[in-house]
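Visitor: I am new to this structure and would like to learn how to read its features. Could you take me through them step by step?

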Amino acid sequence: MKIVVIGGSGLIGSRVVTQLRQRGHDVLAASPSTGVNTVTGEGLKEAFAGADVVVDVANSPSFEAAAALAFFEAAGRNIFAAEKAAGVKLHVALSVVGTERLLEFGYFGAKLAQERLIENSGQPYTIVRATQFFEFVGGIAQEATQGQTVRVSSARIQPMAADDVAAAVVDAALAPAKGMVEVAGPESFQLDQLIRTYLTARNDRRDVITDPDARYFGIKLDDRSLTPDAGARLGAITFDAWLRRDQTTAAA
């Protein structure tokens, strides 16, 4: 099949492109750097010509609520118009587990709006909702840092490796439309435990303080905020295995 991957040069997109090509598909990695701009519509007609599937793993360049909403709305309008004109048979998009539970951070309101646009587009679709990536754990710690202290809650989190996220997106692209599906890591952690494990592995001496009132990007967490529903597809890569591989890569 011909498959267009919007955001094909990013953390997830580059992995999706690689995995699809390994399976023998004709894959176009679409991004502004390759002349495809979903916000302006530039290059979409040419990119989608003859395409069977469009995979959208692009993210807003801003996490500010209004800017993110404007990005997803403009991109959605242009993508769906171009898909219909080209006869694209399936739209696959990446979203976040628990989006509707995270609305205290305005970016997630924009992601929820993106999901609604997809659902109302008239296109056959699969939305892959993923939990937080292992690759972002350092960023979570940094956002919660004040001085040499990292203050986080003990709410449950079930993160996963970017490679497993990409594998789930690839499988969705090669299957019939499924509506909404969830994917998560193979293990559940308390957030404070996860951060301690990560910092210890990095020989980072910051002190992790467990605070039930600590906010996650401004969001008050409970054990359901970041965890999937029963029946979610689970990735194969454990956090420990990912840490070992990450350390090996860094050393090399």
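**Strands, hairpin and hollows**

Guide: Strand β6 (residues 145–146) and β7 run antiparallel and are joined by 2 bridges; two strands pair if DSSP finds at least two bridges between them, and strands (E, at least two residues) and helices (H or I, at least four residues) are DSSP runs, numbered from the N terminus. This is a predicted model, in which local features need pLDDT of at least 70 and side-chain atom pairs count only at pLDDT 80 or more, while totals for chains, interfaces and linings use all residues. Residues are numbered from 1 along each chain as its sequence is written, and side-chain values use heavy atoms, with hydrogens and water left out.

Visitor: What stands opposite Thr-149 in β7, and how many residues lie between β6 and β7?

Guide: Opposite Thr-149 stands Gln-146, and the two strands form a hairpin with 2 residues between them, where Gly-147 in the turn has a positive phi of about 65°. On another pairing, β7 is joined by 4 bridges to strand β11 (residues 207–210), and these two run parallel, with Arg-151 opposite Ile-209 in β11.

Visitor: Which side chains along β7 are buried?

Guide: Buried means under 20% relative accessible area, exposed over 50%, and partly exposed in between (1.4 Å probe, protein chains only). In β7 (residues 149–152) the side chains alternate, so that Val-150 and Val-152 point to one face and are buried, whereas Thr-149 and Arg-151 point to the other and are not.

Visitor: How many cavities of 30 Å³ or more are there?

Guide: On a 1 Å grid over the protein atoms alone, a cavity is a set of points where a 1.4 Å probe fits but cannot get out, and a pocket is an open set with protein on both sides within 12 Å along at least five of seven lines; lining residues have an atom within 4 Å of a point. Grid points are joined across faces, edges and corners, and a volume is the space filled by probe spheres set on the points. Here the count is 2 cavities; the largest holds about 70 Å³, and α3 (65–86) gives the most to its lining, with 5 residues. The second largest cavity has about 50 Å³, and its lining includes Val-152.

Visitor: What is the volume of the largest pocket, and which residues are closest to its centre?

Guide: The largest pocket has about 830 Å³ of space, and of the 36 residues that line it, Asn-59, Phe-63, Tyr-107, Phe-133 and Phe-136 are the closest to its centre.
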